[in-house]
Amino acid sequence: MNIQEVRNNARKKLHGFCRVCPVCNGKTCAGEVPGMGGRGSGTTFQENIKALSSYKLNMRTLHGLEKLETACTLFGTPLAAPIMAAPLAGAEQNLGGAMTEDEMLEALFSGSRAAGLLPWGGDGVSPAFFETVLKFLSSSGGMGIPTIKPRATHLIIQMAQEAVKAGAPAVAIDIDAAAFPARDEKGLLFSPKKPEDIQAVINAVPVPLILKGIMTADEAALAADIGVSGIVVSNHGGRVMDEMPGTADALPAIAGAVKGRLTILFDGGIRSGVDVLKALALGADAVLVGRPLLIAAAGAGAEGVALALHAMRSELEAAMLLTGTPSIFQVPPSILTRVARPGT
């Protein structure tokens with residue numbers, strides 16, 4: 001099976017909930033939430049693609065580079081490349097029943113392991129989402145990073161401690177989900193977190209804490225100041241608020257503020273290994289990949305996910321070779337050229 005066959009299978013199975021467009025840029029699916037699209041006009045999703053696309057790679061081939069270094073260790077876990085499956089949840093709602101939550105997580109966890117990489121697990125309104133992540137986390141020997149919605153602080157601590165018992169090497173909070181319209185009889189389920197809330201979680205949980213949803217240098221610095229181990233430069237794939245900048249536009253200033261103080265992860269618009277190298281050159285330590293792996297999971301389960309991740313790693317290696325970049329730990333911004341975007 002090849003990538004095109006996987007995509008063709010996914011297109012048939014997803015019944016229009018995702019068209020598996022030739023270019024996954026958020027235009028056709030704008031406003032389709034639930035679904036695969038971006039919130040409102042879909043501008044934020046589209047800006048993620050445009051921002052990353054505005055950077056081009058400078059080819060350099062007059063060098064003797066033969067050996068490439070792509071392996072790394074993140075939060076104590078060895079990885080074949082700085083690429084991870086983003087936290088995904090809500091398969092049945094967003095994919096029209098094409099996959100169950102169990103089937104999606106099985107594909108992401110097993111496919112990531114087959115590629116020597118690490119998946120993240122998502123949370124949702126129902127406790128069942130996180131319980132499913134814990135099940136796969138435990139059965140995989142802790143090969144995954146669970147992500148918790150910004151619930152009441154005592155619930156975040158309780159869930160994080162359960163994740164540690166299941167073997168999680170780190171725990172994340174996707175604070176960019178603070179405005180999700182989720183309520184119970186007591187009121188809002190999710191809300192923004194104060195620094196003291198985050199510090200309480202850090203003090204109660206004996207593994208690194210990651211904040212997903214940082215888009216400004218000042219909040220990145222604040223996260224570093226309070227002891228967070230990692231951040232994800234992310235706008236939730238454009239699914240939480242319209243009219244936000246692309247994540248690649250936010251990344252350089254954030255890296256300038258906190259590079260070396262914590263682990264900088266990046267998501268939003270990663271479609272290939274070339275995009276991975278761009279993100280590393282802009283200051284990220286590793287990336288998260290969402291929609292392409294969801295399509296791969298729908299098209300061929302764990303085999304599709306592994307195939308997509310292997311392809312992305314091969315593309316990364318080719319881009320490193322053709323830019324004279326020997327190591328993912330030494331990716332200079334000089335390999336990039338920024339071109340003018342239409343209308344700028």
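Start by selecting the lining of the second largest cavity, which by class has 5 nonpolar, 1 polar and 1 charged residues. To bring that lining up in your viewer, pick A80, A81, A115, L117, L309, H310 and R313. The space they enclose has a volume of about 30 Å³. Keep in mind as you click around that you're looking at a predicted model.

**Next stop: the largest cavity**

How many cavities of 30 Å³ or more does the count come to? It comes to 2, so let's move over to the largest one, with its volume of about 130 Å³. Select C18, C21, C24, G26 and C29 to find your way there, as these lie nearest its centre. They belong to a lining of 15 residues. Sort that lining by class and you get 9 nonpolar, 3 polar and 3 charged residues.

**On to the largest pocket**

Now for an open space. The largest pocket has a volume of about 880 Å³. Which residues should you select to land by its centre? Go for A89, N94, F180, H236 and R239, which lie nearest the centre among the 39 residues of the lining.

Try colouring the lining by class: 18 of its residues are nonpolar, 12 are polar and 9 are charged. Then switch to a cartoon view and look for α3 (91-94), β13 (286-289) and α11 (291-323), each of which supplies at least two residues of this lining. Which of the elements gives the most? That's α3, with 3 residues.

Stay at the pocket and click on R239. You'll find R239 in the loop between β11 (230-233) and α9 (247-258). Is R239 buried or exposed? R239 is buried, because its relative accessible area is 16%, and the cut-off for buried is under 20%. While you're here, add F45 to the selection and draw a distance between the two C-alpha atoms: R239 and F45 are 194 residues apart along the chain, yet these atoms are separated by 7.3 Å.

**Salt bridges, one by one**

Time to turn on the side chains. The model has 11 salt bridges in the count, and here are a few to visit.

Select K212 and D176 to begin. Their closest N and O atoms are 3.2 Å apart, forming a salt bridge. What does this pair tie together? K212 sits in strand β10 (residues 209-214) and D176 in the loop between β7 (171-174) and β8 (183-184), so the bridge links parts that are 36 residues apart in sequence. Both K212 and D176 are buried.

Next, pick K194 and D197, whose side chains meet in a salt bridge at 3.8 Å from N to O. Flip to a surface view to see how the two partners fare. K194 is partly exposed, with a relative accessible area of 46%, whereas D197 counts as buried at 14%.

For another pair, select D225 and R261, where the N to O distance in the salt bridge is 2.7 Å. D225 belongs to helix α8 (residues 217-225), while R261 is in the loop between α9 and β12 (263-266), so this pair ties together parts 36 residues apart in sequence. On the surface view, D225 is exposed, with a relative accessible area of 54%. R261 is partly exposed, at 45%.

**A nonpolar patch outside**

Leave the surface on and select M59, L321 and L322. What do these three make? Together they make a nonpolar surface patch of about 290 Å². Click on M59 and you'll be in the loop between β1 (55-57) and β2 (72-74). M59 is exposed, with a relative accessible area of 63%.

**Last stop: the start of the chain**

Finish at N2, in the segment before α1 (3-13). Is N2 buried or partly exposed? N2 is partly exposed, with a relative accessible area of 39%. Now add A308 to the selection. N2 and A308 are 306 residues apart along the chain, but their C-alpha atoms are separated by 9.1 Å. Two of A308's neighbours in the numbering, L309 and H310, are among the residues that line the second largest cavity, which brings you back to where the tour began.

Conventions
Residues numbered from 1 in each chain as written. Predicted model: local features only at pLDDT ≥ 70, side-chain atom pairs only at ≥ 80, totals over all residues. Heavy atoms only, no water. 1 Å grid on protein atoms, 1.4 Å probe; cavity = no way out; pocket = protein on both sides within 12 Å on 5 of 7 lines; lining within 4 Å. Points joined across faces, edges and corners; volume = space filled by probe spheres on them. Helix = DSSP H or I, 4+ residues; strand = E, 2+ residues; numbered from the N terminus. Nonpolar A, V, L, I, M, F, W, Y, C, P; charged D, E, K, R; others polar. Patch = residues over 30% accessible without salt bridge, like charges linked within 9 Å, V, L, I, M, F, W, Y side chains within 5 Å. Areas by Shrake-Rupley, 256 points an atom, 1.4 Å probe, with all protein chains shown as cover. Salt bridge = Lys/Arg side-chain N within 4 Å of Asp/Glu carboxyl O. Buried < 20%, exposed > 50% of the residue type's maximum accessible area, 1.4 Å probe, protein only.
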